[in-house]
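Student: I've got a model open and a list of labels I don't quite trust. Can we go through what earns each one?

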Amino acid sequence: MNKPLSQERIEELRAINAIESTIRPPVNSLSMFIAALTAMGSGETVQRALYRVERRAPEDVIKDAEQLIDVLYEIGESMIAMKLERRLKELREGESSDAIAGLWEIVDLLPHDAYMAFGFAVESAQICCGEHPNPQELLRDLDFDREGFRFGPAWEFWGERAPEAMKVARAAFIANLLYSAGLGDEPDYPEPLADAAGGAFSATG
């Protein structure tokens, strides 16, 4: 059985993550949304949405994706709003090739935040599946590019639980990256299981 991370270490990681969140420079969430959707092939849709809002609700100052969607519904542009909702949901799931393209655009715009998201992913995997003898190897063997995620040999440490560790790391990376871009809720570390055999990743708003 793999050694689980201690509760003290988990609380230490949470404290570090909270400090990093407070010192992170502000990000223009709407710009991140536009960039991501443009990379996903929906640039025309989002530009049309901005044009409609500017014409019909010029007094509204749009700060983020969800506010843009809400205003579109309010002014009767439900079709455009639903398209943007679907694309935002797709981006957060991170499954499709379009979502990968959107995430990669954010990585390119926020390289430091992407690096921190890798660290969060490694920590989350260990909390769920047990402590790795060399976490730096996990970090070196985790990559994300235009083709998606790549996990190297270090991630086979957990044996039959390796797919679960990769799944947790993948979800943690996406959640942390999108939070940094202002496109998702602040993620928390997953709760460790008694047998360190797996777990679910959660986010808190």
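Tutor: Sure, let's start with Glu 90, which has a relative accessible area of 18% and is called buried.

Student: Before that, what am I looking at?

Tutor: This is a predicted model, where local features need pLDDT of at least 70, side-chain atom pairs count only at pLDDT 80 or more, and totals for chains, interfaces and linings use all residues. Residues are numbered from 1 along each chain as its sequence is written, and side-chain values use heavy atoms, with hydrogens and water left out.

Student: Okay, why is Glu 90 called buried?

Tutor: Buried means under 20% relative accessible area, exposed means over 50%, and partly exposed is in between (1.4 Å probe, protein chains only). Glu 90 comes in at 18%, so it counts as buried.

Student: What does Glu 90 contact, leaving aside its neighbours within four places in sequence?

Tutor: Contact means heavy atoms within 4.5 Å. By that rule Glu 90 touches Met 40, Glu 95, Ser 96, Asp 98 and Ala 99.

Student: What makes Arg 87 and Glu 90 a salt bridge?

Tutor: The rule asks for a side-chain nitrogen of Lys or Arg within 4 Å of a carboxyl oxygen of Asp or Glu. Here the N to O distance is 2.7 Å, and the pair is a salt bridge. Both Arg 87 and Glu 90 are buried.

Student: How do you know that Arg 87 and Glu 90 are separated by about one helical turn?

Tutor: Because they are three residues apart in helix α5. That helix covers residues 78-93, and helices here are DSSP runs (H or I, at least four residues), numbered from the N terminus.

Student: What about Arg 170 and Glu 95?

Tutor: At 3.7 Å, N to O, they also form a salt bridge. Arg 170 is in helix α9 (residues 162-180) and Glu 95 in the loop between α5 and α6, so the pair ties together parts 75 residues apart in sequence. Glu 95 has 60% relative accessibility, so it counts as exposed.

Student: And how many salt bridges does the rule give?

Tutor: Nine. Another one of them joins Asp 145 and Arg 150, with the closest N and O atoms 2.1 Å apart. Arg 150 has a relative accessible area of 39%, so it is called partly exposed. Salt bridges with shared partners also link Arg 52, Arg 56 and Glu 77 into one network.

Student: Now the helices. What makes α4 roughly antiparallel to α5?

Tutor: Axes are lines fitted to C-alpha atoms, for helices over the stretch in contact, and angles between N-to-C directions run from 0 to 180 degrees. Angles under 35 degrees count as roughly parallel, over 145 as roughly antiparallel, 65 to 115 as roughly perpendicular and the rest as oblique. Helix α4 (residues 65-74) and α5 pack at about 155°, with axes 8 Å apart. That makes them roughly antiparallel.

Student: Which residues make that contact?

Tutor: Among them are Leu 68, Ile 69 and Leu 72 of α4, and Ile 80, Leu 84 and Leu 88 of α5. The contact divides into ten nonpolar, one polar and three charged residues. Ala, Val, Leu, Ile, Met, Phe, Trp, Tyr, Cys and Pro count as nonpolar, Asp, Glu, Lys and Arg as charged, and the others, Gly among them, as polar.

Student: Last one: is Ser 29 buried or exposed?

Tutor: Its relative accessibility is 8%, so Ser 29 counts as buried. Ser 29 lies in helix α2 (residues 29-39).

Notes:
Helices (H or I, at least four residues) and strands (E, at least two) are DSSP runs, numbered from the N terminus.
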